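Please look over the structure below before reading the notes. They are arranged by topic.

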Amino acid sequence: MKDFQILLFTNEFKPVGGGVATYCYEIANAISDMQLSIAVVATEKGSRDPFFDKAQSFPVHRVKEYSNPLFRHTARLFVLSRWVKKYQPNILWAADWRSGIVVALVALMFNLPYVVMTHGTELLIANKSRLKKLIANKIYGKATRVFSNSYFTKQLLVDFGVSESKITVTLLGTSIKEWESDPSQVKEIVKRHKLQNKRVILTLARLTPRKGQDVVLKVLPEVLKKIPNIVYVIAGRGADEQRLRQLVADLALEDVVVFAGFVDDAEKSAYYHACEVYIMPNRQDEERVEGFGITFLEAGACGKPVIAGRHGGAIDAVLEGKTGILVDPLDVTEVSAALLKILGDPILANQLGENARYYVETEANWHNVAKRSLQALKDIL
């Protein structure tokens, strides 16, 4: 068997949802498409699709996820070591510092270099614990490179104590092909939620305070005065749902807001295409933060203008005035003005949407993300 250049280890991988799982899956796909050898070792989380792993163009191996920390890390160490012996990679890749615990140990055992990706929230979580911060710093300190998904996350790393010379910023991307429109599917979404003849705005994200659905709800009474046929579709699920539903009732918005529930990957594109504006005024919620915001690129790939919070990595995901508008995520007046500006100016909305799609086509795509990452590793590979 020929040597594999890269072995990626991650706690999260598709078909599980979430930003880390998406990143790991897409970066592995892009590297494989570039005719480089990559294998993935991922933990078993969520409802596993037995056919998913076999359908990939690269090997995917799973490790059982034990609730007991000792069993969990021992299993990961054993499984990752097994596949290192088989594939003999040039480099190990950890999805984040938590995955890096096992990766660093295996790298030491086999005298291999390793790199670590950072996303944002895991750094803030580590800062809450002296032990976690100590472990994370050890892992970053021994890594050959530390990748950050935005300049915001890079600054978090520097503040955390990571040498700036070791950090490489690799802004994330998405795929135009993945978000092409299926008119029949869009029509089904419109019919399902009774969106005919409505001005639809959308947030497709976990229901949690940092995504800002509550701020959009507070904006709607003012927006309704000028756009009475607006509908706000909240797609996703999460712990904040009950609070959001109560806010809808308090503001008498029952006829204006649609809770679409969980949206699987097969229908996400249809939801994006069914809206006029994608809005997610993201903000920090304790240690939770939007390290980048791939959802803004996904909406942009569908040709939709976006409104994002002027906070975290969203500043890197959205090109101010070109692909969307950045707002103070807690300023109801500013969020309202941005929404009315786009909805009230079809030429502007169309231009922002076209720019957003072009940005994904030419720059913010997974091929470029992989290319930039590999360029940083050229001396190793």
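The notes that follow cover a strand, its partners, a pocket and a cysteine.

This is a predicted model. Strand β5 covers residues 114–118, and five of its five residues are buried, so the strand is largely enclosed by the rest of the structure. The largest pocket holds about 1,300 Å³ of space. C302 sits in the loop between α11 and β12 and counts as buried.

**Strand β5 and its side chains**

- Y114, V116 and T118 point one way from β5, while V115 and M117 point the other way.
- The residues on both sides of the strand are buried, Y114, V116 and T118 as well as V115 and M117.
- The cut-off for buried is under 20% relative accessible area, and five of the five residues of β5 meet the term, so β5 is largely enclosed by the rest of the structure.

**Pairing around β5**

- Strand β4, residues 91–94, pairs with β5 in the parallel sense over three bridges.
- W93 has V115 of β5 as its bridge partner.
- Helix α3, residues 97–110, joins β4 and β5 in a right-handed β-α-β unit.
- Strand β6, residues 145–148, also pairs with β5 in the parallel sense, over four bridges.
- The bridge partner of V115 in β6 is R145.
- V115 therefore takes part in bridges to both neighbours, with W93 and with R145.**The largest pocket**

- The space in the largest pocket comes to about 1,300 Å³.
- Its lining has 45 residues, and the closest to the pocket centre are G17, G18, G19, V20 and R206.
- The elements that give two or more residues to this lining are α1 (19–33), α4 (121–126), α10 (265–274) and α11 (294–301).
- Helix α1 gives the most to the lining, with four residues.
- By class, the lining has 16 nonpolar, 13 polar and 16 charged residues.

**C302 and its contacts**

- C302 is found in the loop that runs between α11 and β12, the latter at residues 306–309.
- The relative accessibility of C302 is 7%, so C302 counts as buried, given that the term applies under 20%.
- Leaving out residues up to four places away in sequence, C302 touches W179, S269, Y272 and H273.
- One of these contacts, W179, is 123 residues from C302 in sequence, yet the two are 5.9 Å apart in space, C-alpha to C-alpha.

Key. Residues are numbered from 1 along each chain as its sequence is written. This is a predicted model: local features need pLDDT of at least 70, side-chain atom pairs count only at pLDDT 80 or more; totals for chains, interfaces and linings use all residues. Side-chain values use heavy atoms; hydrogens and water are left out. Buried means under 20% relative accessible area, exposed over 50%, partly exposed in between (1.4 Å probe, protein chains only). Two strands pair if DSSP finds at least two bridges between them. A crossover is right-handed if, with the strands pointing away from the viewer, the path from the first strand over the helix to the second runs clockwise. On a 1 Å grid over the protein atoms alone, a cavity is a set of points where a 1.4 Å probe fits but cannot get out, and a pocket is an open set with protein on both sides within 12 Å along at least five of seven lines; lining residues have an atom within 4 Å of a point. Grid points are joined across faces, edges and corners, and a volume is the space filled by probe spheres set on the points. Ala, Val, Leu, Ile, Met, Phe, Trp, Tyr, Cys and Pro count as nonpolar, Asp, Glu, Lys and Arg as charged, and the others, Gly among them, as polar. Contact means heavy atoms within 4.5 Å.
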